[in-house]
Amino acid sequence: MSWFRRESTPIPGLSILQGKANSDNRGEFSRLFCAKEMLTILGTNSFAQVNRSLSHESGVIRGLHFQRPPHAEIKLVRCIRGRVWDVAVDLREDSPTFLKWYAEELSGHNHKVMVIPEGFAHGFQVLDKESELIYFHSKPYQPFAEGGLRYDDPALTINWPLPARNVSNRDLSFPFISEGFTGL
């Protein structure tokens, strides 16, 4: 029995896993991760780190973050409580979808997982108070390899569903995309 069904997005390499849950009068059970089922996504990679994010208010934007090669990472992002609007931006050099973004609503109820390959920036906006995410990363975080994009960069024109609230100073310090930016 498979716990996940992989769905394509308009950006090659970026996909959604539709998880499922078994429910009864006691509640529900769902699988967050299965190494065997992830072989087609991870290839020879494995997960090096699992992180959790909790946001207390709606409208909060976190990101858009990425790791530069050779520390670029595959991420699996799942909302386990509340709702978020999860965004991935293609930063792959020479990609036909370079600087294109895709967003998907992730929630504690829909069991969707955003599969973000290497070469993408990632961020999200909180739609419900007290929203919580779990991230699986294929490589450990390296502060010196971190980069970011502004959530309001006019080169991206991301249509955030709510007015932005409580964006961190670090996220606001990222520069706008320069004209000569060729990707990762």
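This passage looks at the interior of the structure shown above: its nonpolar cores, its cavity and two buried residues.

The model is a predicted one, in which local features need pLDDT of at least 70 and side-chain atom pairs count only at pLDDT 80 or more, while totals for chains, interfaces and linings use all residues. Residues are numbered from 1 along each chain as its sequence is written, and side-chain values rest on heavy atoms, with hydrogens and water left out.

A good place to begin is the packing of nonpolar side chains. The largest nonpolar core has 18 residues; such a core is a set of buried Ala, Val, Leu, Ile, Met, Phe, Trp, Tyr and Cys residues joined through side-chain atoms within 4.5 Å. Buried here means under 20% relative accessible area, exposed means over 50%, and partly exposed lies in between, with a 1.4 Å probe and protein chains only. Those with the most contacts inside this core are L64, V87, V89, L149, L156, I158 and W160. Strands β6 (61-67) and β8 (83-90) each supply at least two of its residues; strands (E, at least two residues) are DSSP runs, as are helices (H or I, at least four), numbered from the N terminus. Not counting residues up to four places away in sequence, L149 touches, among others, L64, V89, L156 and F174, where contact means heavy atoms within 4.5 Å. A second, separate core of 17 residues includes L14, I16, Y102 and F124.

I16, a member of that second core, lies in strand β2 (residues 15-19). With a relative accessible area of 1%, I16 is buried. Beyond its neighbours within four places in sequence, I16 is in contact with R5, R6, E7, T9, Y102, E104, K112, V113 and M114. I16 and A35, 19 residues apart in sequence, are 16 Å apart in space, C-alpha to C-alpha.

N110 offers a polar example. N110 lies in the loop between β9 (101-107) and β10 (112-116), and counts as buried because its relative accessibility is 19%. A polar atom of the N110 side chain lies 3.0 Å from the backbone oxygen of E105. Neighbours within four places in sequence aside, N110 is in contact with Q18 and E105.

Finally, there is the lining of an enclosed space. H65, F66, Q67, A72, E73, K75, I116, P117, E118, G119 and F120 line the largest cavity, a cavity being a set of points on a 1 Å grid over the protein atoms alone where a 1.4 Å probe fits but cannot get out, and lining residues having an atom within 4 Å of a point. β6 gives the most to this lining, with 3 residues.

Key. On a 1 Å grid over the protein atoms alone, a cavity is a set of points where a 1.4 Å probe fits but cannot get out, and a pocket is an open set with protein on both sides within 12 Å along at least five of seven lines; lining residues have an atom within 4 Å of a point. A polar contact is a pair of N or O atoms within 3.5 Å; within protein, one must be able to donate a hydrogen and the other to accept it, and residues adjacent in sequence count only if both atoms are side-chain atoms.
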